Amino acid sequence: MSRSRRMAAAVSVLAITATGLVSAAVIGVGPAIADHCVPGEATASPSPTAQQRNRNQQEQDPGQQEDQGQQQDPNQQQDPNQEQDPNQQDPNQQDPNQSADQQAPQGGGAAILDPAASPTPEDDGQTQAPEGDEQTQAPAEEESASTFSRRGRPTRTATPTPTQSEDPDEQPTGTASPSPTSSGNGEEEACADLGPFPEDFIDIRQVQPRQLDARIGRGGSRGTFVSQCGRNENRHNNPDNFIVAPGVSNGAHHLHDYVGNLSTDAFSTDESLAAAGTTCRLGDKSTYFWPVLRDRNSDQNANDPDGNVGQVLTARTVQLQFRGNATSRVVAMPRFLRLITGDAKAATNGTANARAAWSCTGFQNRIATDKYPLCPRGSLVLRILDFPSCWDGQNTDSANHRTHVVFPGQNGACPQGTRAIPQLRMTLAYSVPQGQSFALDAFPEQKHNPVTDHADFANVMPDRLMRFVVDCINRGRRC
């Protein structure tokens, strides 16, 4: 063989060898699953148990969505002369490139629709707050937590269903099996086993628009009152629930965000709540709380025994709005009334008490009840949590925390024997990472299913403030 041919052959061998090495290196590099629990990546090599569960998990019947969550009241608008919460967002910016029903703005969240704002006629005038009430300002806003650096961590193993206590919101009616335990195949299997799963997410533009709120009749009450309590900038968090599991530390087995009353924990009583401070204006010492939402790209809280992994996301805005009734005037809530909405165990209990309502800013007429919404760029994820509002007229609580206050019927009227009280609607807006990368805290056997969203409230408003709220609502004012 000539010298030139020998050199060419040698070059070819080197090239083939180099290509093989590069290919081997590429093949050997897998997703950095050890750093997060994102469904699309963590289920790349799921265990047989996870595969079987994914096949068995079914979507909710669309017919079940009729009364889950409610769209913004088309008659509501903040008085233009009223002092605005600095966390409220501009409701006027729309994205010209999106469809006409309700559009998500562009711009990375700098100009996002107010989650509770709606295009309505001008209000009949501003109502002044009652004089002489205590005014406690919310804590100064803190910078949101920076993304934590990723690091290697041991395989997570979800614990069996806790038997110590029940969380909001329901005593289980089914027999929930223990959370499966990783069989030792590594981080990918443990991550895949935690949930949520790819089928738990949906593009908000694939959700059909629908009318949710009952039409307000002639005898209805159109007004609203918003209690401004901040968005938990002071990081008041714990895994307790004094309503459903009083006196039990970690009775919820998932972390709650709190606004309002500064003292709320497992050991709260009427007396301790009344004596505490508050983040709300006008002396509202009520306590408002809900499970946190987490960024699952982060490995913060990696060793949590209940599988609640990721960095806690602080809501960009929190609106606590009290609304009227479609067919009647409202009466005052009794002080220390306790309310829950939704079912923290709906993934295993069934959806009879589920009230999850997920949406995106700009798409509030599209509500997903059993899916996390994937929002367009510049749109915030919304959680809309409506509370029951038909009171039995006697009790501030009940054995199951539900029968003393129930939801109105589909026409908005309260059942016979109950009276309409101001209905609380919590609207929480979040900036989340792109993709299937966020999830609710939950009981381990619930697999972070979005249908388990829920919230709690105890009324600790001064009587004078509650009378003011009722007056605003019955007179059709925006306060």
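**View 1. A disulfide joins C360 to C375 in this predicted model.** The S to S distance is 2.0 Å. The torsion about the S-S bond of C360 and C375 is about -85 degrees, so this disulfide is left-handed. The link connects distant parts of the chain, 15 residues apart. C360 belongs to strand β10, residues 358-360. C375 lies in the loop between β11 (372-374) and β12 (381-386). Both C360 and C375 are buried. A disulfide is a covalent bond between the sulfur atoms of two cysteines. A search of the whole structure finds four disulfides; two others appear in the next views.

**View 2. C390 and C414 form a disulfide with an S to S distance of 2.1 Å.** The torsion about the S-S bond of C390 and C414 is about -80 degrees, so this link is left-handed. The two cysteines sit 24 residues apart, in distant parts of the chain. C390 is in strand β13, residues 390-391. C414 is in the loop between β14 (405-406) and β15 (419-420). C390 has 1% relative accessibility, so C390 counts as buried. C414 has 19% relative accessibility. The cut-off for buried is under 20%, so C414 also counts as buried.

**View 3. The disulfide of C229 and C280 is right-handed.** The angle about the S-S bond is 100 degrees. The S to S distance is 1.9 Å. This pair links distant parts of the chain, 51 residues apart. C229 lies in the loop between β2 (224-227) and β3 (237-238). C280 lies in the loop between α5 (270-275) and β5 (287-291). Both C229 and C280 are buried.

**View 4. S227 of strand β2 makes a side-chain polar contact with D284.** The contact runs from the side chain of S227 to the side chain of D284, at 2.7 Å. S227 has 3% relative accessibility, so S227 counts as buried. Leaving out residues up to four places away in sequence, S227 touches C280, D284, Y288, L320 and F322. C280, one of these, is a partner in the disulfide of View 3.

**View 5. Five strands form an open sheet in the order β2-β8-β16-β12-β10.** The pairing is antiparallel. β2 and β10 are the edge strands, and each pairs on one side only. Neighbouring strands are turned by 25 degrees against each other on average, direction ignored. Helix α7, residues 463-474, packs on the sheet. α7 touches β2 and β8. The direction of α7 makes about 140 degrees with that of β2. Two features from earlier views belong here: β2 holds S227, and β10 holds C360.

**View 6. β8 and β16 pair in the antiparallel sense over seven bridges.** β8 covers residues 317-323, and β16 covers residues 423-430. V318 stands opposite L428 in β16. L320 stands opposite M426 in β16. L320 is also among the residues that S227 touches. Strands of a sheet pair through backbone hydrogen bonds, either parallel or antiparallel.

**View 7. β12 and β16 pair in the antiparallel sense over six bridges.** V381 stands opposite Y430 in β16. In the sheet order, β16 sits between β8 and β12.

**View 8. β16 is mostly covered, with eight of its eight residues buried.** In a regular strand the side chains alternate between the two faces of the sheet. Both faces of β16 are covered. On one side, Q423, R425, T427 and A429 are all buried. On the other side, L424, M426, L428 and Y430 are all buried. Three residues from this second side appear in Views 6 and 7: L428 opposite V318, M426 opposite L320 and Y430 opposite V381.

**View 9. The whole protein has seven helices and 18 strands.** Of its 479 residues, 54% count as buried. The accessible surface comes to about 20,500 Å². Carbon and sulfur atoms account for 49% of that surface. Among contacts between residues at least 6 apart in sequence, 80% join residues at least 24 apart.

Notes: Residues numbered from 1 in each chain as written. Predicted model: local features only at pLDDT ≥ 70, side-chain atom pairs only at ≥ 80, totals over all residues. Heavy atoms only, no water. Helix = DSSP H or I, 4+ residues; strand = E, 2+ residues; numbered from the N terminus. Buried < 20%, exposed > 50% of the residue type's maximum accessible area, 1.4 Å probe, protein only. Contact = heavy atoms within 4.5 Å. Areas by Shrake-Rupley, 256 points an atom, 1.4 Å probe, with all protein chains shown as cover. Disulfide = S-S within 2.5 Å. Polar contact = N/O pair within 3.5 Å; in protein donor to acceptor, adjacent residues only side chain to side chain. Pairing = 2+ DSSP bridges. Axes fitted to C-alpha atoms, helices over the stretch in contact; angles between N-to-C directions.
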